[in-house]
Amino acid sequence: MEPGPVEYQQFEGLPDGKVLADLLRLHELVFGDGQADRLLREARNRHRLLTLVALAGQQVVGYKIGYERKPGHFYSWMGAVAPGFRRRGIASELMRRQHAWCREQGYGTIRTATKNKWRDMLILNLRHGFDVIGVYVDERGEPKLILEKRLRP
């Protein structure tokens with residue numbers, strides 16, 4: 001798909017219809033088969049879920065999903081940008097919009113986790129003010145970096 005102008009939409013909860021179907025297709029493309037079902041299953045149990053999507057025409061080319069971890073603390077959970085749309089600032093814009101929403105909602109802290117193999121995501125988080133606060137080993141035996149950012153009004 002040729003890169004074109006990108007528009008952004010925000011949903012409290014998950015979107016539905018074509019937007020959700022496109023988001024799940026992108027999720028599978030980036031993270032692998034079977035991961036869309038897992039995302040849907042886990043999203044149903046999240047409190048104050050926020051979904052941001054980037055659209056080129058009617059096609060989802062990026063998304064960012066997060067939820068309330070505990071009062072005052074937000075967890076930036078999942079996100080991806082379609083390969084043909086990377087390096088255009090889409091992930092940064094999704095992050096800026098998520099953080100602005102979090103400030104408006106009164107959250108003081110955002111946390112996320114990423115793997116070293118997702119270097120672009122790690123660098124993006126560091127550029128947007130996150131600090132590495134810890135490391136743990138996930139269910140697949142892979143190390144994950146825990147990052148956190150304090151939001152200032």
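**Exercise 1. A loop residue with two partners**

Is Glu142 buried, partly exposed or exposed? Find out, then trace the salt bridges of Glu142.

*Solution.* Keep in mind that you are looking at a predicted model.

- Step 1: Start with the accessibility. Glu142 has a relative accessible area of 24%. Buried means under 20% and exposed over 50%, so Glu142 is partly exposed.
- Step 2: Look for the first partner. Glu142 forms a salt bridge with Lys115, and their closest N and O atoms are 3.0 Å apart. This pair links distant parts of the chain, 27 residues apart: Glu142 sits in the loop between β6 (131-137) and β7, while Lys115 belongs to strand β5. Lys115 is buried, with a relative accessible area of 7%.
- Step 3: Look for another partner. Lys117 also forms a salt bridge with Glu142, with 3.8 Å between the closest N and O atoms. Lys117 lies in the loop between β5 and α4, so this pair ties together parts that are 25 residues apart in sequence. Lys117 is exposed, at 54% relative accessible area.

**Exercise 2. A salt bridge inside one helix**

Locate Lys18 and Asp22, and describe how they are joined.

*Solution.*

- Step 1: Both residues lie in helix α1 (residues 17-31), four residues apart, or about one turn of the helix.
- Step 2: An α-helix has 3.6 residues a turn, so residues three or four places apart point the same way.
- Step 3: Lys18 and Asp22 form a salt bridge, their closest N and O atoms being 2.5 Å apart.
- Step 4: Compare the surroundings. Lys18 is partly exposed, at 45% relative accessible area, whereas Asp22 is buried, at 2%.
- Step 5: Widen the view. The whole structure holds 14 salt bridges. Salt bridges with shared partners join Arg38, Glu42, Arg46 and Glu139 into one network.

**Exercise 3. The two sides of α4**

Which residues of helix α4 are buried, and what do they pack against?

*Solution.*

- Step 1: α4 covers residues 119-127, and Leu122, Leu124 and Asn125 are buried there.
- Step 2: Look down the helix axis. The buried residues fall within an arc of 160°, so they line one face of α4.
- Step 3: Turn to the other side of α4, where Arg119 and Arg127 are exposed.
- Step 4: Find the neighbours. The buried residues of α4 pack against α3 (90-104), β5 (109-115) and β7 (143-150).
- Step 5: Check what comes after the helix. α4 is followed by Gly129, which has a positive phi near 95°.

**Exercise 4. The strands around β7**

How many bridges join β7 to β5, and how many to β6?

*Solution.*

- Step 1: β5 and β7 run antiparallel and are joined by seven bridges. Arg111 has Glu148 in β7 as its bridge partner.
- Step 2: β6 and β7 also pair in the antiparallel sense, over six bridges. Here Val137 has Pro143 in β7 as its bridge partner.
- Step 3: The hairpin of β6 and β7 has five residues between the strands, and Gly141 takes a positive phi near 80° in this hairpin.
- Step 4: β7 is mostly covered, with six of its eight residues buried.

**Exercise 5. The contacts of Trp101**

Which residues is Trp101 in contact with, leaving aside neighbours within four places in sequence?

*Solution.*

- Step 1: Trp101 is in helix α3 and counts as buried, at 4% relative accessibility.
- Step 2: Beyond those neighbours, Trp101 is in contact with Gln10, Glu12, Arg48, Leu50, Phe74 and Tyr107.
- Step 3: Take Leu50 as one example. Leu50 and Trp101 are 51 residues apart in sequence, and their C-alpha atoms are 9.0 Å apart in space.

Terms used:
Residues numbered from 1 in each chain as written. Predicted model: local features only at pLDDT ≥ 70, side-chain atom pairs only at ≥ 80, totals over all residues. Heavy atoms only, no water. Buried < 20%, exposed > 50% of the residue type's maximum accessible area, 1.4 Å probe, protein only. Helix = DSSP H or I, 4+ residues; strand = E, 2+ residues; numbered from the N terminus. Arc of directions from axis to C-beta. Contact = heavy atoms within 4.5 Å. Salt bridge = Lys/Arg side-chain N within 4 Å of Asp/Glu carboxyl O. Pairing = 2+ DSSP bridges.
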